[in-house]
Amino acid sequence: MSTQHTPGPWKLDGAANTNDLDIIAPTGRITMLDCEISEVSEDVLTANAHLIAAAPDLLAALQNCVNVLSLALPLFDDESTDDKDSREEVGSVLDAARDALAKATGGEA
């Protein structure tokens, strides 16, 4: 999977209450689409901005998780017990992670 986004890390600059909350990347300021969300609190806007700024790190972490789970999948048991996950359950989590990566990268799962 190759990423085509602006490389991270990204950080926030500004304040949500001024509608001047930007994301800064190592290559410079990232220009986001200008949109207006009505009836959303400052706390929600700030939380959204933090999530967006964390996107490159989240993507890298999820890619690493998929790689490790893919290698570990054969080690899981076929049946689930109270204290361990089954291969089917782990495979389901792995499929969901691959779907999320495809959505994030514009690719296929």
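So, burial: of the 109 residues in this protein chain, 18% count as buried. Keep in mind that we're looking at a predicted model here. On the surface side, the chain has an accessible area of about 8,100 Å², and 52% of that belongs to carbon and sulfur atoms.

Okay, the fold. We have 3 helices and 3 strands. If you walk along the sequence, the order is β-β-β-α-α-α. And how do distant parts of the chain meet? Take the contacts between residues at least 6 apart in sequence: 41% of them join residues at least 24 apart.

Now let's go to a pocket, the second largest one. There's about 210 Å³ of space in there. Its lining is made up of 11 residues, and the ones nearest the centre are His5, Ala55, Leu59, Ala104 and Thr105. Which elements give two or more residues to that lining? Those are α2, running 55-72, and α3, running 87-105. As for chemistry, the lining splits into 7 nonpolar residues and 4 polar ones, with no charged residues.

While we're on helix α2, have a look at Ala60, which is found in that helix. Buried or exposed, or somewhere in between? Ala60 comes out at 34% relative accessibility, and buried would need under 20% while exposed would need over 50%, so Ala60 counts as partly exposed. One more thing on Ala60: Leu101 is 41 residues away from Ala60 in sequence, yet in space the two are 9.6 Å apart, C-alpha to C-alpha.

That's my tour, so over to you.

Notes
Residues numbered from 1 in each chain as written. Predicted model: local features only at pLDDT ≥ 70, side-chain atom pairs only at ≥ 80, totals over all residues. Heavy atoms only, no water. Helix = DSSP H or I, 4+ residues; strand = E, 2+ residues; numbered from the N terminus. Buried < 20%, exposed > 50% of the residue type's maximum accessible area, 1.4 Å probe, protein only. Contact = heavy atoms within 4.5 Å. Areas by Shrake-Rupley, 256 points an atom, 1.4 Å probe, with all protein chains shown as cover. 1 Å grid on protein atoms, 1.4 Å probe; cavity = no way out; pocket = protein on both sides within 12 Å on 5 of 7 lines; lining within 4 Å. Points joined across faces, edges and corners; volume = space filled by probe spheres on them. Nonpolar A, V, L, I, M, F, W, Y, C, P; charged D, E, K, R; others polar.
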